[in-house]
Amino acid sequence: MTNSNDMPLAAKPIERAAHRRLDEAWLEDAFAHKDTLVLVMRKGEPFVLPGRESGLVWLGPEIARVSPGSPRLFLGEDKNGTPVFAVNLPDNFALDESLLAGAGEFRDFRVAAASIPDMDANCASTARSIFMWHQSHRYCSKCGSESAMVDAGWKRQCPACGTEHFPRTDPVAIMLAEKDGMALIGRQKMWPAGFYSCLAGFCEPGETIEQAAAREILEEAGITVDPATAQYVACQPWPFPSSLMVGLILEASTNEIHVDEKELETARWVSREEMVSILDGTHGEIFGPPPMAIAHHIMKAWTEKGH
Ligand SMILES: [Zn+2]
């Protein structure tokens, strides 16, 4: 059974304590508290323990001296009630010349997230999405003035026209079509040789997630599915930069593949036996997404269907 609460990047979330976000005095005290926990990022990459150790480097109030004035996000409180923050260091932050030298290293998010504890991954994922949103939404989309980060990082407000801007999360349908005991997988040209996964696409305005899934399967692979057959598997927040991947399995009514080469290099039907071997790495010709990605769990859920 697949459960979104167990999904990598979403599992073991901390209490967001949203009521603290407007309490400036509490936030200042919390950030300066000796027990406070602070993760740092640079260009979307989390600062992690060096070498073979696994986990984020959790800093304390000394972070205020490392890079004063860097954007600060209040992530919430851990199970002990300890405040948890994230700080976004400038792109040109020179690690080796800083107080953090020797404490850890900035690592590619996907690589880091695959090996750190669930809570660390959830915090880093949230921080990555929010910081990237701030960087790409600096100016008010209504009047063009520069807006300001408010509410401990969870909102921007325009000082000129007063408009509030909230961090976005874009729904993406990610799915398998199935027919006669086979499931449809595909690959994009840019992916490593032999790598196949679920099809996926953004939900458009005016669409349900089931309709988006059906449209994408038709557009990308020429396969017709009825949105009414969609079965929900699970969902996963995905910080590249800010998607909510909604996993579905749908029944196809046709099986002749016509690939749109702008979207996919190729697509194919695979049996349950093949899917099992793809997931456990013994297929020989095809390999699939790692357990950090929801696609892995959708494919696995399909192999378990009807058993
Ligand atoms: Zn404005």
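A residue is taken as buried when 20 or more other C-beta atoms lie within 10 Å of its own, as exposed when there are 12 or fewer, and as partly exposed in between. Arg-20 offers a handy first case in this predicted model. Because Arg-20 has 18 C-beta neighbours inside 10 Å, this arginine counts as partly exposed. Arg-20 is found in the segment that precedes helix H1, which spans 24-32. Leaving aside residues up to four places away in sequence, Arg-20 touches Trp-26, Leu-27 and Phe-74. Glu-105, in contrast, is 85 residues away from Arg-20 along the chain, and 31 Å separate the C-alpha atoms of the two.

Stepping back to the whole protein, the chain is divided into domain 1 (4-136), domain 2 (138-167) and domain 3 (170-304). Taken over C-alpha atoms, the centres of domain 1 and domain 2 are 23 Å apart. Contact between these two domains involves twelve residues of domain 1 and eight residues of domain 2. On the domain 1 side, strand S3 (72-77) and helix H4 (118-136) are the elements that contribute two or more residues. Helix H4 gives the most, with five residues. In character, the residues on this side of domain 1 comprise seven nonpolar, three polar and two charged.

Strand S3 also belongs to a sheet. Five strands make up this open sheet, in the order S3-S4-S1-S2-S5, and their pairing is mixed. S3 and strand S5 (105-106) lie at the edges with a single partner strand each, so one side of each has no neighbour in the sheet. Inside the sheet, strand S1 (residues 37-42) and strand S2 (residues 45-48) run antiparallel and are joined by two bridges. Arg-42 has Glu-45 in S2 as its bridge partner.

A further sheet, also open, is built from three strands in the order S6-S7-S8, with antiparallel pairing. Its edges are strand S6 (148-150) and strand S8 (164-165); each has a single partner strand, so one side of each is left without a neighbour in the sheet. Two bridges connect strand S7 (residues 155-157) with S8 in the antiparallel sense. Here Arg-156 stands opposite His-165 in S8.

Both pairing senses meet at strand S13, which is worth a closer look. In general, strands of a sheet pair through backbone hydrogen bonds, in either a parallel or an antiparallel arrangement. S13 covers residues 243-251, and seven of its nine residues are buried, so the strand is largely enclosed by the rest of the structure. With strand S9 (residues 170-179), S13 pairs in the parallel sense over nine bridges. Within that pairing, Ala-177 stands opposite Leu-250 in S13. Strand S12 (residues 231-238) runs antiparallel to S13, and seven bridges join the two. Pro-237 stands opposite Leu-244 in S13. The connection from S12 to S13 is a hairpin that passes through four residues.

Methods
Residues are numbered from 1 along each chain as its sequence is written. This is a predicted model: local features need pLDDT of at least 70, side-chain atom pairs count only at pLDDT 80 or more; totals for chains, interfaces and linings use all residues. Domain bounds come from an automatic or database domain assignment. Two residues are in contact if their C-beta atoms, placed from the backbone, lie within 7 Å. Ala, Val, Leu, Ile, Met, Phe, Trp, Tyr, Cys and Pro count as nonpolar, Asp, Glu, Lys and Arg as charged, and the others, Gly among them, as polar. Two strands pair if DSSP finds at least two bridges between them.
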